[in-house]
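Let's walk through a structure together, one question at a time. Have the viewer open and follow along.

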Amino acid sequence: MLFKKFFSVCLFILQCSTPVYAKSVIFMIGDGMGYNHIDCVNEEVPLFMSSLEPGYVKTKSADNNVTDSAASATAYACGIKTNNEYLGVDPDGKVCETIAEKAAANDIKVYIITTDDEYGATPSAFYVHTDSRYNKEKIDLYRKQAAKTMKLTFNVPSTFDALQYILKKMDKDPYTEYFVMVEGAKIDKASHYNDYDWMVKELVDFDKAVQSAWKYADTHDVAVIVTADHETGAFREDNCDFGSRGHSGVDVPIYTKGLYRTINGVIDNTKVYELIKDTLY
Ligand SMILES: [Zn+2]
């Protein structure tokens, strides 16, 4: 794969004096992170993400205008719409090969990192195949299988700290391709509780992680994609307060760097899968 990229770039520029580095992807999901979360928090704590121009992602699932994390993460992992609560399968229960599984099978190093535990729907969608996100037995089974080819890390206290560890590894091994998924899961959890201070703490940590990925991509051949799986708490911009304790169906922001194409306006969540796939392959 690396050879293929090297060769095609050589053909393009008709000289091969400098080596072409691997093109890795850092995919960052702020679970429950709506645009209003970012915009309101930015008024009291300046956020890096506020300095970026967002595109937007439509998040509806196959069976609901308001997705859950399972269906949304499956859209990102497999590029398909599925039902809420389904992980790594289509609405008929047919297994889809996830971007993480495909990457691992192609000798791309895969890291899945989350502040959530091992039963979190978002990380699970990248390697679990079941029609119920609450089926712990199946999640255990698939997780143990996935751990043979991917590095899975749960319950990290900070997305920023966890990502620094990965960036150091990547820096030491620049010819290897990486697919890194980083999830800030507790933006969602804090928003379900309408706990503003907790949400700010989680969002600020995630934002720091995003900024570090951006900086890393300045000097490395890495693409960064930052988005959310859905919005949580119907956060309002007029009074900077929660409007509900559940998910909402609003489009979520997406920020990208280093992609082969730019995002204009609003895209469907299944297209995010293609952005990752087209960058890795
Ligand atoms: Zn949620």
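Here are some questions and answers on this predicted model, covering a metal site and some charged pairs.

Q: Which residues coordinate the zinc ion, and at what distances?
A: Look for the side-chain atoms around the metal. D188 appears twice in the list, each time through an OD atom, while H192 and H247 each give their NE2 atom. The residues are therefore D188, H192 and H247, at 2.1 to 2.5 Å.

Q: Is the site of the zinc ion tetrahedral or irregular?
A: Four donors count as tetrahedral if all angles lie between 85 and 135 degrees. Here the angles among the 4 donor atoms run from 55 to 155 degrees. Because that range goes beyond those limits, the site is irregular.

Q: How many residues apart in sequence are D188 and H247, the pair that ties together parts of the chain?
A: The donor residues follow the spacing D-x3-H-x54-H. D188 lies in helix α8 (residues 186–192), whereas H247 is in strand β8 (residues 247–248). The pair therefore ties together parts separated in sequence by 59 residues.

Q: Is D188 buried or exposed?
A: Buried means under 20% relative accessible area. The relative accessibility of D188 is 7%, so D188 counts as buried.

Q: Where in the chain are the two partners of the salt bridge between D221 and K23?
A: Their side chains meet at 3.3 Å, N to O. The pair links distant parts of the chain, 198 residues apart. D221 is in the loop between α9 (196–219) and β6 (222–227), and K23 is in the loop between α1 (2–13) and β1 (24–30).

Q: Which of D221 and K23 is buried?
A: D221 has a relative accessibility of 29%, so D221 counts as partly exposed. The value for K23 is 8%, which is under the 20% cut-off for buried. The buried partner is therefore K23.

Q: Which helix holds both D140 and R143?
A: These two residues form a salt bridge, with the closest N and O atoms 2.9 Å apart. D140 is buried, and R143 is buried as well. They sit 3 residues apart, about one turn of the helix, and that helix is α6 (residues 136–146).

Q: Is D218 buried or exposed?
A: The side chain of D218 meets that of K257 in a salt bridge at 2.4 Å, N to O. That pair links helix α9, where D218 lies, to strand β9 (residues 252–257), where K257 lies. With a relative accessible area of 55%, D218 is exposed.

Note on methods:
Residues are numbered from 1 along each chain as its sequence is written. This is a predicted model: local features need pLDDT of at least 70, side-chain atom pairs count only at pLDDT 80 or more; totals for chains, interfaces and linings use all residues. Side-chain values use heavy atoms; hydrogens and water are left out. Donors are N, O and S atoms within 2.8 Å of the metal (3.2 Å for Na, K and Ca); water is not among the atoms, so sites may look incomplete. Four donors count as tetrahedral if all angles lie between 85 and 135 degrees; four count as square planar and six as octahedral if opposite donors are over 155 degrees apart and all others between 65 and 115; anything else is irregular. Helices (H or I, at least four residues) and strands (E, at least two) are DSSP runs, numbered from the N terminus. Buried means under 20% relative accessible area, exposed over 50%, partly exposed in between (1.4 Å probe, protein chains only). A salt bridge is a side-chain nitrogen of Lys or Arg within 4 Å of a carboxyl oxygen of Asp or Glu.
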